[in-house]
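Hi,

Here is the structure I promised to pass on. Have a look at it first, and my notes follow underneath.

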Amino acid sequence: MKKTTYKASPDIALVKYWGKKDEVLRLPENGSVSIIVGGLETTTTVEFQRDLNKDEVTIQGKKVTKELERVCKHLDRIRNLAGTSSFAKVVSQNNFPLSTGLSSSGSGFAALTLAATKAAGLELTQKELSILARQGSGSACRCVCGGYVEWLDGERSNSSYARTIHPASYWNLRDLVVVVNEGQKSTPSTKGHKTAKTSLFYSERQDKIDEKINQVKQAISNKNFVQLGELMEAETLEFHSILLTSVPPIIAWHPGTVEVMLAVQAMREEGVQAYFSISTGFNVHVLTTSNHEKLTLSRLKSLDSVKRVIGCSVGGEPKELNKHLF
Ligand code: PMV
């Protein structure tokens, strides 16, 4: 079987997926819209080897133990489809910090799905790949696509998948990824999805979410940056209100996260077009336009708690590489 390597980027959700209606299949309670973050990358090489007696998975140079079962289960799905029983050697490398709210599981399971299916000799459509990736990590179903992406929530597995609504070249937005800490976040998303409904505000959110998805898609179609930014920032604050009021509560922010949020709002008072989005971690995405990028970047870099800022663009689809990691 063929050794295969893929590179995939994570995404940042403009309308977030939070809560599942099916745990095993990872069917979300609601649809979501995201942008692929070109500049952040996971590269993964997979080879099925007849002489292995178990899967061997290495991430960032370390043998995986904690998340091994989740990866093996995903490889099992692919082995079942391909009709093979061979175990796999998997080596994966990220150019950004893992488990800090930058969606490394999205790019990780997207790259794994693409590399492993190809290595197993399967030829799947993008829809089939999205459905498969979703079962490893929800957001991974969006990360097999490029550009501006929508995940249709779906009632069943074969109707819950993501597709590109506009290619990366459609609108040159800039995403400044602000790293305030490289340590691990306290609550993994998988755990948070389970307690989402304990928040008093959750059903209120769900009642209005389809309307919000339509507004966000409209703002993208009209290339209306201010409208998109306002919707995205309000969505982040609504999402974190759910986290804060879940039982047990999830406090994802660090002091540096709040410093960045306040700085972004202060910049806007001065006419800079920049808006923040935060997932379940503490690092922050600051979305801006190419005209406002330079000023936004220098202001963010001047903040005490900012360790580094990674300048990103809207990313394309994952790519197969000829250079392997082993
Ligand atoms: O795909 P997961 O289980 O890592 O969950 C992603 C959750 C959020 O990042 C908060 C929202 C989203 O849509 O990406």
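First, a term I'll lean on: a polar contact is a pair of N or O atoms within 3.5 Å; within protein, one must be able to donate a hydrogen and the other to accept it, and residues adjacent in sequence count only if both atoms are side-chain atoms. Two housekeeping points as well. This is a predicted model, with local features needing pLDDT of at least 70 and side-chain atom pairs pLDDT 80 or more, while totals for chains, interfaces and linings use all residues. Numbering runs from 1 along each chain as its sequence is written, and side-chain values use heavy atoms, with hydrogens and water left out.

Let's start with T280. It sits in the loop between β13 (274-277) and β14 (284-289); helices (H or I, at least four residues) and strands (E, at least two) are DSSP runs, numbered from the N terminus. Is T280 buried or exposed? Its relative accessible area is 8%, so T280 counts as buried (buried is under 20%, exposed over 50%, partly exposed in between, with a 1.4 Å probe and protein chains only). The T280 side chain makes polar contacts with two other side chains: K185 at 2.8 Å and S189 at 3.1 Å. Setting aside neighbours within four places in sequence, T280 is in contact (heavy atoms within 4.5 Å) with W18, K185, S189, F239 and A252.

V272 is another loop residue, between α8 (255-269) and β13. V272 is buried too, because its relative accessible area is 5%. Beyond four places in sequence, V272 touches M267, H292, L295 and T296. With T296, the C-alpha atoms are 7.3 Å apart, although 24 residues separate the two in sequence.

Now the sheet. Six strands form an open sheet with mixed pairing, in the order β8-β7-β9-β6-β1-β16; two strands pair if DSSP finds at least two bridges between them. At the edges are β8 (62-63) and β16 (319-321), each pairing on one side only. Helix α1 (residues 68-82) packs on this sheet and touches β6, β7 (56-59) and β9 (87-94), its direction making about 125° with that of β9. (Axes are lines fitted to C-alpha atoms, for helices over the stretch in contact, and angles run from 0 to 180 degrees between N-to-C directions.) Helix α2 (residues 104-119) lies across β1, β6, β9 and β16, at about 35° to β6. Within the sheet, β1 (residues 4-8) and β6 (residues 42-49) run antiparallel and are joined by five bridges, with Y6 opposite T44.

Strand β15 (residues 308-314) is worth a look as well. With β5 (residues 32-38) it pairs antiparallel over two bridges, V37 having V314 as its bridge partner. With β12 (residues 173-179), β15 pairs antiparallel over six bridges, and V177 stands opposite I310.

Finally, the ligand. Which residues come nearest? Of the 13 around the ligand (a heavy atom within 4 Å), those are A13, Y17, S139, R142 and H193. Ligand oxygen atoms lie 2.9 Å from a polar backbone atom of Y17, 3.4 Å from a polar side-chain atom of S137 and 3.0 Å from a side-chain N or O of H193. Taken alone the ligand exposes 380 Å², and the protein buries 95% of that (Shrake-Rupley areas, 1.4 Å probe; for residues, only the protein chains shown count as cover).

Cheers
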